[in-house]
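Grab your favourite viewer and work through these exercises at your own pace. Each one sets a task and then walks through a solution.

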Amino acid sequence: MRNYLSPLAEARDIPPKGFGSFAVDPIPMGTVVATFGGTILNRIDFETYPLEQRSRSIQIDVNQFVLGPELREPGDSINHSCSPNCQLRNATQLIAMRDIAVGEELTYDYATSDTSDYDEFDCACGSDNCRGRVSGNDWTLPDLQNRYQNMFSPYVQRKIQAAQLVRALTKRDAEHLINNFDDNPHQALVHALRIVTGMPNASWKTLVAQVSPDLEHRELLYGADQSSLDKLAQQLNERRTL
Ligand SMILES: [Zn+2]
């Protein structure tokens, strides 16, 4: 078994074609109900697996996914709800957010773990505040950020904090970049990138990964290719505020 499901719950079929986990004994608030395991993959490798298997997976970092096992296990059958009774305690562990009665389905809000589009769907949770469509951008909704404070996966929490710190370069920042670029392009770019990504402590490697989705381009930057560095500095300079 790659996944853990509490003995206080069991996985069941939900006809016509679905699965869920239900409390078979009362589950007190704070109980660990499930721990997700599997194969750790980056986005590109993750995308090569079948949709069904990917739907039994969890995102644990910007570019890191825990792929569910080939065959369904009890512990990877926890559905989404817009009014959940469970929450993440860390990237892969789920706890009861309140006391859960026998027969209740265990659910958590996928917005607290997933920030990409690999598992988007129309929601049928039936709760009063159902948002209809569950997407990889739901973590950006202010309402959810308010409701799920401290319940997001740690990497999502960092993304939320970063989004609050993001700003354009000021004229002064741009001057700093230009004045220092020739002497130390790496250091000057790190300074500017930390501002535009809202990640004040991020390394060069992380910053490049944030701003360049293209792998080949990333490798050029990591290899300190002069024309790629020049172009990045130019792009940053063009994005400044007046
Ligand atoms: Zn819903």
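Where does UniProt place the feature "domain: Post-SET"? The unreviewed UniProt entry puts it at residues 119–135. UniProt positions follow the numbering used here, feature names are shortened, and annotations may be inferred rather than shown by experiment.

Some ground rules before going on. This is a predicted model, where local features need pLDDT of at least 70, side-chain atom pairs count only at pLDDT 80 or more, and totals for chains, interfaces and linings use all residues. Residues are numbered from 1 along each chain as its sequence is written, and side-chain values use heavy atoms, with hydrogens and water left out.

**Exercise 1. Describe the protein as a whole.**

Step 1: Take the secondary structure. The protein has nine helices and 13 strands; these are DSSP runs numbered from the N terminus, with helices being H or I of at least four residues and strands being E of at least two.

Step 2: Get the extents. Along its principal axes, the C-alpha trace spans about 65 × 35 × 30 Å.

Step 3: Check burial. Of the 242 residues, 43% count as buried (buried is under 20% relative accessible area, exposed over 50%, partly exposed in between, with a 1.4 Å probe and protein chains only).

Step 4: Look at contacts (heavy atoms within 4.5 Å). Among those between residues at least 6 apart in sequence, 60% join residues at least 24 apart.

**Exercise 2. Set the two annotated domains side by side.**

Step 1: Find the other one. The annotation "domain: SET", also from an unreviewed UniProt entry, covers residues 6–111.

Step 2: Work out its make-up. Residues 6–111 are 8% helix and 34% strand, and the end C-alpha atoms lie 23 Å apart.

Step 3: Do it again for the Post-SET span. Residues 119–135 come out at 0% helix and 24% strand, with end C-alpha atoms 7 Å apart.

**Exercise 3. Track down the aromatic pairs.**

Step 1: Search the whole structure, which gives seven aromatic pairs. Rings of Phe, Tyr and Trp (its six-membered ring) pair if their centres lie within 6.5 Å; planes under 30 degrees apart count as stacked, over 60 as edge-to-face and the rest as tilted.

Step 2: Pick out Phe65 and Tyr118. Their rings sit 5.4 Å centre to centre with 90° between the planes, an edge-to-face pair. This pair links distant parts of the chain, 53 residues apart: Phe65 is in strand β7 (residues 64–67), and Tyr118 is in the loop between β11 (107–108) and β12 (121–122).

Step 3: Are these two buried or exposed? Phe65 has 0% relative accessibility, so it counts as buried. Tyr118 is buried too, because its relative accessible area is 5%.

Step 4: Move on to Tyr108 and Tyr110. Their ring centres are 5.1 Å apart and their planes make 50°, so this pair is tilted. Both residues are buried, and together with Phe36 and Phe121 they form one aromatic cluster.

**Exercise 4. Work out how α5 packs against α6.**

Step 1: Fit the axes. Helix α5 (residues 171–181) and helix α6 (residues 185–197) have axes 8 Å apart and pack at an angle of about 165°. Axes are lines fitted to C-alpha atoms, for helices over the stretch in contact, and angles run from 0 to 180 degrees between N-to-C directions.

Step 2: Classify the angle. α5 is therefore roughly antiparallel to α6 (under 35 degrees is roughly parallel, over 145 roughly antiparallel, 65 to 115 roughly perpendicular and the rest oblique).

Step 3: List the contacts. On the α5 side, Asp173, His176, Leu177, Asn180 and Phe181 meet residues of α6, including Pro185, Leu189 and Ile195.

**Exercise 5. Find out why Ser21 counts as buried, and what surrounds it.**

Step 1: Locate Ser21, which is in strand β3 (residues 19–23).

Step 2: Read off the accessibility. Ser21 counts as buried because its relative accessibility is 0%.

Step 3: Leave aside neighbours within four places in sequence. Ser21 is then in contact with residues including Leu5, Glu10, Pro74, Ile78 and Leu106.

**Exercise 6. Check two positive phi values.**

Step 1: Recall the background. Most residues other than glycine have a negative phi.

Step 2: Take Asn150. Its phi is near 65°, and Asn150 lies in the loop between α3 (142–147) and α4 (154–165). Asn150 is exposed, with a relative accessible area of 67%.

Step 3: Take Ala224. Its phi is near 60°, and Ala224 lies in the loop between α8 (215–222) and α9 (226–238). At 46% relative accessibility, Ala224 is partly exposed.
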